[in-house]
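This report walks through one chain, from a single helix outward to cores and loops. Keep the structure open while reading.

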Amino acid sequence: MKFVDEVRIYVKAGDGGNGAVAFRREKFIERGGPNGGDGGNGGSVVFVANPQLTTLLDYRYQQHHRAKSGEHGMGSDCNGHGAEDLVLQVPVGTLIRNEQTGELLVDLSDPGQQFVAAKGGRGGLGNMNFATSTRQTPRFAQDGGKGEEITLRLELKLLADVGLLGFPNAGKSTFISRVSRARPKVADYPFTTLVPNLGMVQYKDNLSFVMADIPGIIEGASEGVGLGHQFLRHVERCKVLVHLIDMGAEGEGRKPLDDFNILNTELKKYSAELASKPQVVAANKQDLTEGRERLGPFTEALRRRGIRVYPVSCATGEGMQALMDAVAEVLFTGSTDKLHVEMPTERSASKAPAKKAPAKKAPAKKAVAKAPVKKAAAKKAAKQAARKGPAKKASAKKAAAKKAPAKKAAAKKTPAKKAAAKKTSLKPVAKKAARKAPVKKAARRAPAKKPGGRR
């Protein structure tokens with residue numbers, strides 16, 4: 001079935017039936033009076049959201065839709081039959097806009113939701129409704145009202161919880177075919193996917209969600225390059241976006257980091273709200289040698305931005321469980337902790353100069369701060385020294401007194417040494433003088449001790 005997500009249609013509601021002008025004409029009843037019936041109401045045009053539909057293909061070939069008009073009134077007090085409403089089934093997620101003004105009239109995002117796009121005309125009143133005591137034979141009736149008509153533009157936005165984004169041939173179709181029962185077309189050339197594909201993912205603990213795979217987006221899509229932005233509306237309702245990076249991309253100037261930046265730029269050009277949705281970055285094609293070689297620099301580049309990268313291989317299933325766990329956590333709990341990573345390199349580089357500067361200035365600050373303390377300590381020491389001066393002087397005298405005998409003893413030894421050296425050459429007279437010298441010194445010291453003892 002061909003996928004159609006945007007059509008322009010014309011709808012017109014039914015007109016109301018005219019009221020009848022009639023009089024009662026029966027045998028033996030003269031002047032029976034007016035008995036014209038009322039006209040029936042016209043049918044309205046009603047849109048209903050049907051979850052079984054996935055495309056607007058039916059409205060591509062039939063663009064004019066008219067509801068039936070109500071029947072006219074008849075005599076004998078017979079009212080006209082009202083017309084049934086024209087019900088138009090559309091997929092869930094259809095937006096209805098006024099083609100002339102562009103105003104959004106309704107968003108049919110719930111199954112079974114209804115919207116009256118054009119209201120049918122009201123039936124006219126028959127002449128029996130205008131009879132009064134002074135006007136007993138009215139010969140006029142009311143015409144039915146005209147039904148509304150409008151030109152609408154229908155836009156389909158698929159209802160999906162998770163959207164897949166990436167360059168053409170990045171592996172999005174293979175990804176959705178591995179995690180769900182969807183079987184989109186998979187080939188080894190770009191733009192394999194030409195229409196969005198939906199897949200129901202059965203997660204753990206009886207949890208499930210819908211994933212949408214849209215065609216690839218390339219640089220310049222906002223200007224119409226490739227398939228343009230026409231399919232991005234299908235991921236506007238998604239709560240989480242999975243950004244699939246082709247790590248084995250071939251071509252001139254193709255780098256994983258450049259692809260990531262280009263796609264985010266195109267998202268911002270289309271819608272700032274869509275670009276701000278949580279993104280789970282998956283580095284695909286890790287089963288290739290080129291993909292494994294490019295993983296390190298790409299992971300480090302996004303690590304500096306605080307973005308976590310999940311290496312996966314859609315062909316072999318490597319790393320798919322960790323990726324799905326991160327998607328489910330954001331989808332069901334709203335937590336985005338698994339999508340971010342710390343940035344130690346940037347923090348250490350930015351904070352290193354700030355730490356060194358205070359370390360150099362610290363000694364100067366300490367010297368300034370401790371200067372008054374040292375001065376105060378010096379003043380206190382001076383005061384204490386002034387108070388303890390006599391005690392220190394006395395202790396100094398005692399120490400001098402104790403040291404004096406030692407010096408004198410040394411003095412005593414010197415004559416002895418000289419005497420020993422001159423034993424051979426001295427005369428008896430000199431020996432007697434050397435022996436008497438200490439005695440004289442002792443006699444001199446004796447009087448100095450006696451006054452101290454008397455005190």
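The model is predicted. Start at helix α5, residues 289–303. Its 15 residues reach 22 Å from first C-alpha to last, close to the 21 Å expected at 1.5 Å a residue. The helix has a kink of about 35° at Leu295, shortly before the proline Pro297.

Which residues of α5 are buried? They are Gly291, Leu295, Phe298, Ala301 and Leu302. An α-helix has 3.6 residues a turn, so residues three or four places apart point the same way. The buried residues of α5 pack against four elements: β12 (240–246), α3 (256–270), β13 (279–284) and β14 (309–311).

**α3, a packing partner**

Helix α3 also has 15 residues. From its first C-alpha to its last, α3 reaches 22 Å, close to the expected 21 Å. Pro256, Asp259, Phe260, Ile262, Leu263, Asn264, Glu266 and Leu267 are buried in α3. That list includes Asp259, Asn264 and Glu266 alongside residues such as Phe260 and Leu263. The buried residues of α3 pack against β9, β12, α4 (272–275), β13 and α5.

**The chain as a whole**

The chain holds nine helices and 14 strands. Of its 455 residues, 39% are buried. Take the contacts with a separation of 6 or more: 74% of them join residues 24 or more positions apart. The accessible surface comes to about 28,000 Å², and carbon and sulfur atoms hold 53% of that.

**Cores and α6**

The largest nonpolar core has 27 residues. Phe175, Phe209, Met211, Leu323 and Met324 touch the most other members. Six elements give two or more residues to this core: β9 (162–165), α2 (172–179), β11 (208–213), β12, β13 and α6 (320–333). The largest share comes from α6, with eight residues.

What does Phe175 touch, leaving out residues up to four places away in sequence? The list is Leu164, Met211, Leu244, Cys314, Met320, Leu323 and Met324. Another core lies apart from the largest one. This second core has 26 residues, including Val4, Val45, Phe47 and Leu108.

Helix α6 has 14 residues and reaches 20 Å from first C-alpha to last, close to the 20 Å expected at 1.5 Å a residue. Met320, Leu323, Met324, Asp325, Ala326, Val327, Ala328, Val330 and Leu331 are its buried residues. Just after α6, Gly334 takes a positive phi of about 80°.

**Two buried basic residues**

Lys157 sits in the loop between β8 (149–156) and β9. Is Lys157 buried or exposed? Its relative accessible area is 13%, under the 20% cut-off, so Lys157 counts as buried. Leaving out residues up to four places away in sequence, Lys157 touches Val92, Gly93, Leu95, Arg233, His234, Glu236 and Arg237. One of these, Glu236, also makes a side-chain polar contact with Lys157.

Arg97 lies in strand β5, residues 94–98. With a relative accessible area of 19%, Arg97 is buried too. Arg97 and Arg153 are 56 residues apart in sequence, yet their C-alpha atoms are 5.2 Å apart in space. The contacts of Arg97, again leaving out residues up to four places away, are Gly102, Glu103, Leu104, Leu105, Thr151, Leu152, Arg153 and Glu155. The side chain of Glu155 is joined to that of Arg97 by a polar contact.

The side-chain polar contacts are these:

| Side-chain pair | Polar contact |
|---|---|
| Lys157 and Glu236 | 2.3 Å |
| Arg97 and Glu155 | 3.5 Å |

**Positive phi outside glycine**

Asp205 has a phi near 60°, a positive value in a residue other than glycine. Asp205 lies in the loop between β10 (197–202) and β11. Its relative accessibility is 69%, over the 50% cut-off, so Asp205 counts as exposed.

Lys285 likewise is a residue other than glycine with a positive phi, near 65°. The loop between β13 and α5 holds Lys285. Here the relative accessible area is 19%, under the 20% cut-off, so Lys285 is buried. That loop leads back to α5, where this report began.

Methods:
Residues are numbered from 1 along each chain as its sequence is written. This is a predicted model: local features need pLDDT of at least 70, side-chain atom pairs count only at pLDDT 80 or more; totals for chains, interfaces and linings use all residues. Side-chain values use heavy atoms; hydrogens and water are left out. The expected span of a helix is 1.5 Å times one less than its number of residues. The bend at a residue is the angle between axes fitted to the seven residues ending there and the seven starting there. Buried means under 20% relative accessible area, exposed over 50%, partly exposed in between (1.4 Å probe, protein chains only). Contact means heavy atoms within 4.5 Å. Accessible areas come from the Shrake-Rupley method with a 1.4 Å probe; for residues, only the protein chains shown count as cover. A nonpolar core is a set of buried Ala, Val, Leu, Ile, Met, Phe, Trp, Tyr and Cys residues joined through side-chain atoms within 4.5 Å. A polar contact is a pair of N or O atoms within 3.5 Å; within protein, one must be able to donate a hydrogen and the other to accept it, and residues adjacent in sequence count only if both atoms are side-chain atoms.
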